[in-house]
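Biologist: I have just opened this entry and would like to go through it with you. May I begin with a residue that caught my eye?
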Amino acid sequence: MSRLKQPGYELDTAFIPAHYQPALLVELAIARGADSRQLLRGTRLSLADLESHEVPLSPDQFLTLIGNTEKLLDADDSSFMFGQQLLPGFYGACSQTLQMAGSCRQLVEFMCEFKAVLSPLITPRFYETDEGLVIYWQDSCGADTRYRFILEASIAAFASLLDWLSPEKICCRYEFNYTEPDYIEQYWVHIGQNLSFDQQMNAIIVPTEKLDMNWTITRKLPFKGTVNSARVQLMQLGWHESFVDQVYQYLMAHIREPINLDRVSTAFMLSPASMKRKLKKHHTHFQQLLDLARKNTAIYLYQAQKYDLQQIADYLCFNDMNNFRRAVKRWTGFSPNVLFA
């Protein structure tokens, strides 16, 4: 399997160029009054490292930097301000490719293909329904308590880039799987007012009629050359996705089959104990990822394929509807009759 030939990056894999997203965050924090020594505490970095194109950070170092920033700035808008600087960014050919996107659909496809460069800590994914394109984000390497900051930054980054690239305003809907925060005004200012909280996913829904609207007259040859350069950049980075992403994708690919820790561990050439240790390092565990894969599959089948409860249960190989109802309640906190009403 290709995933075994090219393993995914882990929490302690040093691959994020220091002068990419980490340098933007440090510059923002210092501009807002943060002390550089306190800001870099525990990161094993110096300010000079952030100017170098040869110093890579691990996700763990970047998360420590984010934690220090949150603590020192103690401002509700920090994540959103950071997000507004993230995209298209200064990430070589990948940033150039984003700027040449000819439609919203193409922009999202690029973001997902080049996620290791553009969004190394949180993975964008998408699917399509009658209503539009649903773009959602998942923790890719154990962000834990930093996840909210990264999510807010990522969504603000997408909203800002969409406003910049599109010749007309696209009114998206934003859904979050947590309760409305006390600083809701920051969401209004940086994202918009079409917000829903206590939902099943952290997602943006782009209306169908805006997905393929042409943004620019793209010159085919330069455009293809830029995309190819971005793919070379990704190859040179050496990492396409995280270990957690690979496990999740394996579960999604085999969601209709009997699956357990032993089988997944074998597929990744690990012992079950090693698989447990690796997942624990990323603040997750096998059952949590399996529940997430099943939950997301159930939501996709309901929203995109219009399956009813019985069809969803059959697809996920539940022979007993009572067991399926209990499982959905465990995955989502809601009974299936409420969730899929």
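Biologist: Does Phe-223 count as buried or exposed, and at what relative accessibility?
Modeller: Phe-223 counts as buried, at 13% relative accessibility. Please keep in mind that this is a predicted model.

Biologist: How high is the mean pLDDT of the protein chain?
Modeller: The mean is 94, and 98% of the residues of the chain reach 70 or more.

Biologist: Where is confidence lowest, and where is it highest?
Modeller: Confidence is lowest in helix α1 (residues 2–5), where the mean is 52. It is highest in strand β6 (residues 195–196), at 98. Where pLDDT is low, the predicted coordinates should not be read in detail.

Biologist: Back to the rings. How many aromatic pairs does a search of the whole structure find?
Modeller: The search finds 21 aromatic pairs. One of them joins Phe-110 and Phe-223, with 5.9 Å centre to centre and 45° between the planes, and this pair is tilted. Phe-110 belongs to helix α7 (residues 104–113) and Phe-223 to helix α12 (residues 220–237), so the pair links distant parts of the chain, 113 residues apart.Biologist: Is Phe-110 buried or exposed?
Modeller: Phe-110 is buried, with a relative accessible area of 6%.

Biologist: How do the rings of Tyr-127 and Tyr-300 pair?
Modeller: Their centres are 5.4 Å apart and their planes are at 90°, so the pair is edge-to-face. Tyr-127 lies in strand β3 and Tyr-300 in helix α16 (residues 286–303), so parts that are 173 residues apart in sequence are tied together. Tyr-127 counts as buried at 8% relative accessibility, whereas Tyr-300 is partly exposed, with a relative accessible area of 29%.

Biologist: Which residues do ring pairs link into a cluster?
Modeller: The cluster consists of Phe-80, Phe-176, Tyr-178, Tyr-183, Tyr-187 and Phe-197.

Biologist: Now to empty space. What does a search for cavities of 30 Å³ or more find?
Modeller: The whole structure has 1 such cavity, and about 220 Å³ of space lies in it. Its lining comprises 19 residues, and Leu-86, Leu-118, Ser-119, Ile-122 and Ser-154 lie nearest its centre. Two or more lining residues come from each of α4 (59–73), α5 (78–86), β3 (122–128) and α9 (147–165). The most come from α9, with 5 residues.

Biologist: How does that lining divide by class?
Modeller: The lining of the largest cavity has 16 nonpolar residues, 3 polar and no charged. At least three of its residues come from each of domain 1 (11–75) and domain 2 (77–214).

Biologist: What about the largest pocket, and what is its volume?
Modeller: The volume of the largest pocket is about 740 Å³. It is lined by 31 residues, and those nearest its centre are Asp-139, Tyr-147, Asn-177, Gln-288 and Leu-292. Helix α16 gives the most to this lining, with 6 residues. By class, there are 12 nonpolar, 11 polar and 8 charged residues. Domain 2 (77–214) and domain 3 (243–340) each supply at least three residues of the lining.

Biologist: And the second largest pocket, which residues are closest to its centre?
Modeller: This pocket has a volume of about 390 Å³. Of its 21 lining residues, Glu-175, Gln-199, Gln-200, Ile-299 and Gln-303 are the closest to the centre. The largest share of the lining, 3 residues, comes from α16. The lining divides into 11 nonpolar, 4 polar and 6 charged residues.

Key. Residues numbered from 1 in each chain as written. Predicted model: local features only at pLDDT ≥ 70, side-chain atom pairs only at ≥ 80, totals over all residues. Heavy atoms only, no water. pLDDT = per-residue confidence, 0-100. Helix = DSSP H or I, 4+ residues; strand = E, 2+ residues; numbered from the N terminus. 1 Å grid on protein atoms, 1.4 Å probe; cavity = no way out; pocket = protein on both sides within 12 Å on 5 of 7 lines; lining within 4 Å. Points joined across faces, edges and corners; volume = space filled by probe spheres on them. Nonpolar A, V, L, I, M, F, W, Y, C, P; charged D, E, K, R; others polar. Domains from an automatic or database assignment. Phe/Tyr/Trp six-rings, centres within 6.5 Å; stacked < 30°, edge-to-face > 60°. Buried < 20%, exposed > 50% of the residue type's maximum accessible area, 1.4 Å probe, protein only.
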